[in-house]
Amino acid sequence: MKAKLIASTLAAGLFCTPLSAAELTVITAGDKNMVDYVNEYLGPLFEKENPGTKVRVVGTGPGDAGSQKILERFEAQSKAGVAKWDADVAVVHEKFVGPMVEQKFLEAYRSKIPTGSLVTRENAKVALGTNVDGYVMPMFNSQTALAYNPALVPNPPRSYDEIVEFAKKNPKQFGYNGIKGGASGVSFVMGWIYAYGGGDPQKLMNGPFDPDEAKNWDKAFASLKEFTRNATLTPGNAGTLDMLSRGEIAIGPVWVDMFYSWKANGQLPPEMKLVLPSPGMPGQPMHYVVPAKSANKELAEKFVALATSPKVQAEGIVKRFNWYPGIDAQHVQASLDKETWEKLFTDISPEELAKYGKPFPIAPYNNAILEAYERQVGN
Amino acid sequence: MSAKSETEVTHGWGSKKLPQPDTAGAFRAKHAGGLAEGGCRFAMPVHLLGFLLVAPALAIVVLLFVVPLISSITGAFEVGGTVSLGNFTKAFELYSGDMLFTLAIVLLSSALIGLFSIMIGGYLTLGSNPRAVAILRWIYRWPLFIPFIVVGQILRTFLAKNGLMNNIFIELGLMTPLSAMSFLDWRGIVIAFVWKQTPFVALLLSGAMASIDRSTIEAARNLGANRLRILIEIVLPQVRTTLLVGLILSFVTMMSVLSVPLMINAQSPTMITANMAFRINAYRDYGVANALGLISLLMTSAVAWVYLRQTMREHSR
């Protein structure tokens with residue numbers, strides 16, 4: 001009933017919107033940097049290479065909520081039987097690609113574009129337990145890590161045990177954004193369960209899903225509740241960085257790319273550093289997907305092909321926005337000078353990244369952990 | 001159920017009013033009395049016209065308010081297509097702390113709003129320095145014109161650990177940077193609510209105070225009562241109802257504000273509104289969101305009941 005109402009409203013809106021053939025609509029989840037990336041870099045580049053086209057970008061907000069909005073938009077248009085959907089390219093979190101593929105909202109386009117063969121990483125084939133091979137192109141890979149202020153924390157904690165120790169000795173100096181304000185806090189919580197969940201983290205990352213597994217987490221969540229009492233809750237991904245820069249906290253989990261971008265913009269003091277604690281924290285790719293009912297499929301494929309070309313991945317993703325590349329590293333490394341490439345690994349070496357950079361748990365565990373957090377830590 | 005039987009009753013009355021000499025009509029007319037029957041002959045078309053006039057407004061209320069309300073109430077009891085209390089169990093498991101938090105915040109804010117608006121209204125009515133009264137009258141209404149989201153935004157930068165307020169204290173030497181702390185938790189929400197809602201209640205209250213019979217105040221003054229005593233013993237009892245109504249309206253308003261808790265303290269514990277938004281935005285979990293909505297509806301209906309009882313009593317006076 002409600003969905004139908006939303007769907008028909010959306011549909012009505014669609015018929016009223018004049019869509020010129022050469023307008024490409026990109027809808028993206030994530031923080032403001034995602035919108036900036038298309039507006040400031042990728043959009044103008046595509047418009048220059050394809051004269052007469054106009055790239056329009058819509059941001060739907062950070063965290064799961066942003067991707068959830070995109071999923072709902074597709075669902076509404078699908079249920080309303082709209083022939084041409086209002087987005088041509090979408091950028092979504094890993095967790096939402098699975099449901100989109102299962103509900104047949106997406107076009108299998110990877111084999112059609114020339115850059116499709118440049119991706120061999122596992123997370124471009126399986127997204128949190130669902131086979132999405134062919135439907136996605138990773139825009140970038142990102143990683144969470146702890147950002148810290150060396151002036152306040154000369155010896156940063158290098159493991160979750162040391163983090164707990166640190167928070168005990170320095171109450172309110174560790175800050176994270178809970179699970180409602182973006183994925184860096186979510187990632188810290190997932191890492192906590194990998195470390196203290198009592199089970200095998202590999203099972204959480206690869207499945208199969210077993211609802212009884214949740215019983216093992218009670219102790220981990222009890223200790224996380226205790227830990228959170230000694231910590232500061234920040235308002236979001238940006239909030240953690242913000243409080244760090246104002247000296248209100250000394251250390252906290254952040255997205256590596258946002259950290260470097262803020263540093264480059266001068267929003268974060270240059271002394272700040274990163275550390276990736278053992279046994280590891282999750283990272284995730286953001287994926288480019290093309291809706292099955294896109295009005296400009298060919299143009300959309302062209303857009304993703306450009307976005308995942310080695311040149312753009314080097315110049316835009318790595319150099320300008322400090323993400324780890326989406327396509328395989330060797331293709332990108334070749335188009336970059338050594339210095340820029342190594343800047344990506346200033347604080348976290350490729351070895352550490354390989355060892356401690358984990359995927360998120362598969363979707364059902366992911367949801368179960370988040371809900372258990374609300375039940376046992378939040379309440 | 002009750003709504004249905006009510007429509008049937010009205011229907012029955014309508015048929016009675018038809019001026020056809022059927023036996024049932026005559027029987028009912030006898031019971032209703034000759035006066036009613038006489039009135040009916042003329043009133044019928046007027047009733048119909050009246051109904052037609054009201055119909056568009058009524059349809060809008062039903063379509064845009066009653067139907068969504070009912071669907072959200074039934075939605076609260078629906079889990080996977082079957083009727084169940086699952087959403088409520090989950091809502092309590094996940095957010096019982098936040099429910100108490102919400103209630104405590106809103107009650108505390110209401111109490112503070114009451115206190116401050118009595119102080120403002122009292123000074124406007126009884127103040128002896130005309131210049132101070134004029135300045136206060138000019139200034140106190142400002143927050144009325146500021147939207148909640150802007151209040152949240154202002155207070156966010158003002159109350160942060162290294163925000164404007166603490167910086168001023170530190171500059172003045174009243175505080176050291178180390179002892180500075182953030183007010184962006186329950187205190188921030190209470191400050192935002194009180195700051196925004198006090199003028200509203202004070203406006204109602206000072207209006208009511210201005211319209212009470214001045215001679216009661218003069219009499220008390222002649223008998224030697226000081227101003228505080230006049231305020232508490234003479235003025236307040238006469239404006240009690242207005243104060244209550246103002247506070248109830250503020251209570252309901254505060255229960256529905258999402259922007260302030262989101263801006264100031266979206267972490268736990270937070271207010272129910274922020275949790276509802278999170279359930280819908282992150283999980284599309286309308287069931288638990290509806291259950292939370294119904295719980296906050298119960299809280300507001302409790303105070304609405306007080307309000308209705310008060311207005312009924314006034315009407316019967």
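# A tour of chain A, beginning at a loop lysine

Begin by selecting A:K104, which is found in the loop between α4 and β4 (126-127) of chain A. Keep in mind throughout that the model on screen is predicted. If you display the backbone torsions of A:K104, you will find a positive phi of about 60°, although the residue is not a glycine. Is A:K104 buried or exposed? With 9 other C-beta atoms within 10 Å, A:K104 is exposed, because a residue belongs to that class when the count is 12 or fewer.

**Back along the chain to α4**

A:K104 follows α4(A), so the helix, residues 94-102, is what to select next. Colour its buried residues, which are A:E94, A:K95, A:F96, A:V97, A:M100 and A:V101. An α-helix has 3.6 residues a turn, so residues three or four places apart point the same way. To see what surrounds the buried residues of α4(A), add α3, β3 (89-93), β4, β5 (130-131), β11 and α16 of chain A, against which they pack.

**The two domains**

Now colour chain A by its domain assignment, in which domain 1 covers 2-141 + 285-343 and domain 2 covers 143-283 + 347-378. Taken over C-alpha atoms, the centres of domain 1 and domain 2 of chain A are separated by 27 Å. Where they meet, 15 residues of domain 1 of chain A are in contact with 17 residues of domain 2 of chain A. Which element gives the largest share of the domain 1 side? That share, three residues, comes from helix α4 of chain A, the helix you have just coloured. By class, the side of domain 1 of chain A that touches domain 2 has five nonpolar, seven polar and three charged residues.

**Strand β6 and its four partners**

Select next strand β6 of chain A, residues 137-148, a mostly covered strand in which twelve of its twelve residues are buried. The pairings of β6(A) can be followed by residue number, starting from A:M137, which stands opposite A:Y288 in β11(A). Strand β11 (residues 281-289) pairs with β6(A) in the antiparallel sense over six bridges. Move on to A:N141, whose bridge partner in β12(A) is A:Y324; here two bridges join β6(A) to strand β12 (residues 324-325), and the two strands run antiparallel.

Continue to A:A145, which has A:V254 as its bridge partner in β9(A). The pairing of β6(A) with strand β9 (residues 251-255) is antiparallel and extends over five bridges. The last stop on this strand is A:A147, opposite A:L274 in β10(A), where β6(A) pairs with strand β10 (residues 273-275) in the antiparallel sense over three bridges.

**Two backbone features in loops**

From β10, go to the loop between β10 and β11 of chain A, and there select A:P279. The peptide bond that joins A:S278 and A:P279 is cis, with omega about 0°.

Then select A:K172, in the loop between α5 (160-169) and β7 (175-176) of chain A. A:K172 is not a glycine, yet its phi is positive, about 70°. How does A:K172 count in terms of exposure, and with how many C-beta neighbours inside 10 Å? A:K172 has 17 such neighbours and counts as partly exposed.

**The side that touches chain B**

Show chain B as well, and select the contacts between the chains, in which 19 residues of chain A meet 17 residues of chain B. On the chain A side, α3 (63-79) and α16 (363-378) each supply at least two residues. The largest share of that side, five residues, comes from α3(A). Coloured by class, the residues of chain A that touch chain B divide into four nonpolar, seven polar and eight charged.

**Zooming out**

Finally, fit the whole of chain A in the window, with its 16 helices and 13 strands. The radius of gyration of chain A is 21 Å, close to the 21 Å that the globule rule gives for 379 residues, so the chain is as compact as a globular protein of that length. Along its principal axes, the C-alpha trace of chain A spans about 60 × 50 × 35 Å. If you colour by burial, buried residues make up 53% of the 379 residues in chain A. A contact map of chain A completes the view: of the contacts with a separation of 6 or more, 78% are between residues 24 or more positions apart.

Methods
Residues numbered from 1 in each chain as written. Chains lettered and ligands numbered in written order. Predicted model: local features only at pLDDT ≥ 70, side-chain atom pairs only at ≥ 80, totals over all residues. Buried ≥ 20, exposed ≤ 12 C-beta atoms within 10 Å, placed from the backbone. Pairing = 2+ DSSP bridges. Contact = placed C-beta atoms within 7 Å. Nonpolar A, V, L, I, M, F, W, Y, C, P; charged D, E, K, R; others polar. Domains from an automatic or database assignment. Rg over C-alpha atoms; globule rule 2.2 N^0.38 Å.
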